[in-house]
Amino acid sequence: MRKSFRYFILFGIVVIPVSILLAFTVKLLPDDNLKGKYAYKDFETAKKCGSCHPGTYQQWTQAMMSQAYTHHWDEIEYFELAVAHADAKPELKGPVDGCNGCHAPLAFMGGTLPPPKPSEKSMANESVSCEVCHLIRSAQTDPPFNFSYLIEPGVKKYAVRKPAIESPAHKIETNEFYRTTEFCGNCHNEKNPFGVWVKSTQLEWKEGPYSKEGVRCQDCHMPKGGPYLNAIMTKPYDDARLHLFHGAHDPGKVRGTIELRIEPDIRETEPGENIVFTVALFNQKTGHKFPTGSVEDRIAWLNVEATDAKGKKYHLTVDRKGFEGEEYTISGDYLAYQDMGVPLKQPDFKGVQRDGIPHGNRIFRMPYFDPEGRMTIMQWNTAKLGVDYRIGPRETKVEKFTFKLPYDIAPGEMKVSVVMNYQLLVKPVADFLKVPADESEIKIVNEHTTSVKVLP
Ligand code: HEC
Ligand code: HEC
Ligand code: HEC
Ligand code: HEC
Ligand code: HEC
């Protein structure tokens with residue numbers, strides 16, 4: 001009797017308010033407006049648009065937004081982690097349906113959730129298609145986040161340019177919203193069920209130097225070029241907006257994002273002496289932080305190595321700065337990501353290696369923590385963010401590496417190289433979930449070498 005009474009009290013004090021709170025937070029997101037509001041047949045395929053806009057179509061097929069639903073890692077994370085997690089915790093159903101509000105908007109509006117798997121080739125596979133973008137009129141929230149776009153299917157498409165000729169397939173209405181970063185922010189800012197900003201690319205841009213100069217997402221990801229034919233029956237434009245949308249999956253876009261220089265404090269030294277190397281890292285290319293977006297997955301790190309005159313290599317470890325949370329920015333031997341055990345139905349899951357790179361390297365990241373304070377890659381299960389040690393737009397970070405020269409180091413020229421590496425997804429997680437290797441291959445962002453004379 002007493003026990004059941006205790007449960008009754010527990011139910012009253014904890015369960016009911018928590019459920020009300022959860023229902024409230026989920027409702028705060030503008031998802032229910034669109035969920036199930038339209039049908040697949042209300043939308044046209046990108047292929048159809050491509051019959052008159054072949055160049056734009058081909059560019060889009062090579063960009064990640066055409067694969068936002070079908071790409072291997074998206075499919076694995078959505079079905080094996082997110083959907084499975086919502087099966088175990090029904091209160092996650094709303095937020096997990098919401099993945100599609102950005103990754104498969106036609107499926108979200110079409111209301112089949114979860115959508116058919118990519119292999120079934122449904123309209124969900126259209127991902128972020130021409131229709132999705134060109135039917136958007138505005139944002140419903142300020143700031144925009146969580147698929148806050150206002151959208152309506154129909155023959156009326158929106159664009160910035162007034163067309164030279166009338167299109168036989170649709171009407172065009174000019175809309176200045178397409179020039180704004182809020183347009184992109186509808187999907188490139190995300191708040192999760194804990195109220196945590198798990199994605200804030202547009203907000204980072206707004207805080208940074210580029211917003212003040214009017215350099216927007218479109219200027220770097222949809223550069224103007226020409227002469228280029230937007231549509232087959234019209235004239236070429238010299239300033240056509242190319243739909244390249246190249247980002248973190250394009251090694252060329254990532255390369256050179258950070259400029260690196262390394263210098264020693266002295267040029268001549270002896271075995272047994274300390275020598276201090278200073279590395280300057282200048283973010284000269286991104287309009288937001290680096291990395292941005294899927295920050296929970298990404299890892300960028302410095303590797304510094306000395307090679308003595310006989311070719312023997314020494315790995316240098318970064319000097320600690322002493323800030324709070326620094327342990328998450330220096331690679332080491334830790335297990336993490338234990339919360340994947342819930343969706344994977346492995347209750348005793350011990351986790352996998354946190355970093356999967358040589359120990360003692362500086363990492364540029366912001367850790368995401370699950371409700372139990374462990375690092376997670378499940379952004380929807382993130383209760384807290386840790387120290388933000390990413391590199392802001394036009395920011396320069398400085399790191400030091402103190403090296404005590406071994407007594408047996410070879411005299412002569414010692415070369416010291418710094419490399420900044422980048423992985424889309426931390427390798428131990430990629431390997432554990434069997435994500436194809438391209439998602440965790442090492443991309444070189446930049447490198448630089450200096451030299452020092454070791455006296456005998
Ligand atoms: C039958 C051919 C045809 C089809 C199919 C077609 N378009 Fe067009 N579209 C045109 C023409 C022609 C223009 C005018 C181009 C110009 O003169 O600038 C145009 C202009 C546009 C513009 C404005 C760009 C500008 O140049 O001002 C957008 C955006 C656009 N189309 C999107 C779409 C989308 C999205 C689809 C698929 C749902 C689509 N189009 C299907 C022929 C077509
Ligand atoms: C309807 C939602 C939506 C809108 C609007 C949108 N995006 Fe995206 N974008 C996505 C999703 C989802 C992805 C992730 C694709 C994937 O799964 O890898 C993405 C990926 C990208 C990438 C590729 C990143 C990488 O990792 O390689 C770039 C670049 C990008 N978007 C730029 C933009 C820009 C610029 C705009 C505005 C002009 C914009 N997006 C508007 C949803 C959207
Ligand atoms: C000054 C140029 C510039 C501007 C402005 C800019 N970007 Fe980028 N963006 C880049 C570069 C360079 C990269 C590649 C390096 C990287 O992955 O961060 C990139 C990468 C990305 C990525 C992939 C990032 C990752 O780490 O996974 C996304 C998504 C993206 N941009 C979206 C946007 C959006 C949305 C805006 C506007 C709010 C924007 N960008 C503004 C230059 C820019
Ligand atoms: C992620 C959103 C997004 C997607 C996906 C997208 N567009 Fe666009 N598109 C834009 C934006 C934004 C502009 C206007 C940029 C500007 O002028 O500042 C634009 C401009 C255009 C233009 C006019 C270009 C110019 O130079 O005036 C055409 C044509 C067009 N899009 C067709 C398409 C077609 C066809 C597809 C699919 C194959 C497509 N778009 C997919 C966002 C998108
Ligand atoms: C508010 C829009 C939005 C929502 C909601 C959203 N995503 Fe994303 N997602 C994006 C954007 C934008 C990117 C690209 C960011 C980047 O490139 O860094 C992305 C990237 C990803 C990636 C990484 C893709 C890659 O190849 O690196 C995965 C996996 C992913 N999302 C899965 C999910 C899952 C699962 C959910 C639901 C729990 C979800 N997303 C909810 C917008 C969203």
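How many nonpolar, polar and charged residues does the shell around ligand 3 have? The counts are 10 nonpolar, 13 polar and five charged. The model is predicted. Two ligand shells are covered here: those of ligand 3 and ligand 5.

**Ligand 3: residues and elements**
- The surroundings of ligand 3 comprise 28 residues.
- Nearest among these are Cys-217, Cys-220, Gly-247, Ala-248 and Gly-287.
- Four helices each contribute at least two shell residues: H8 (182-188), H9 (201-207), H11 (217-221) and H12 (251-254).
- H11 has the largest share, with four residues.

**Ligand 3: domains**
- Domain 1 (28-241) and domain 2 (251-454) each provide at least three residues of the ligand 3 shell.

**Ligand 5: residues and elements**
- Around ligand 5 there are 25 residues, of which Glu-77, Cys-99, Cys-102, Glu-190 and Gly-293 come nearest.
- Helix H4 (72-88), helix H5 (93-103) and H8 each give two or more residues to this shell.
- H5 gives the most, six residues.

**Ligand 5: composition and domains**
- By class, the ligand 5 shell divides into 11 nonpolar, 10 polar and four charged residues.
- At least three of its residues come from domain 1 (28-241), and at least three from domain 2 (251-454).

**Across the two shells**
- H8 supplies at least two residues to the shell around ligand 3, and two or more to the shell around ligand 5.
- Domains 1 and 2 each contribute to the ligand 3 shell and to the ligand 5 shell.

Technical notes:
Residues are numbered from 1 along each chain as its sequence is written. Chains are lettered from A and ligands numbered from 1 in the order in which they are written. This is a predicted model: local features need pLDDT of at least 70, side-chain atom pairs count only at pLDDT 80 or more; totals for chains, interfaces and linings use all residues. A residue is near a molecule or strand if its C-beta atom, placed from the backbone, lies within 6 Å of it. Ala, Val, Leu, Ile, Met, Phe, Trp, Tyr, Cys and Pro count as nonpolar, Asp, Glu, Lys and Arg as charged, and the others, Gly among them, as polar. Domain bounds come from an automatic or database domain assignment.
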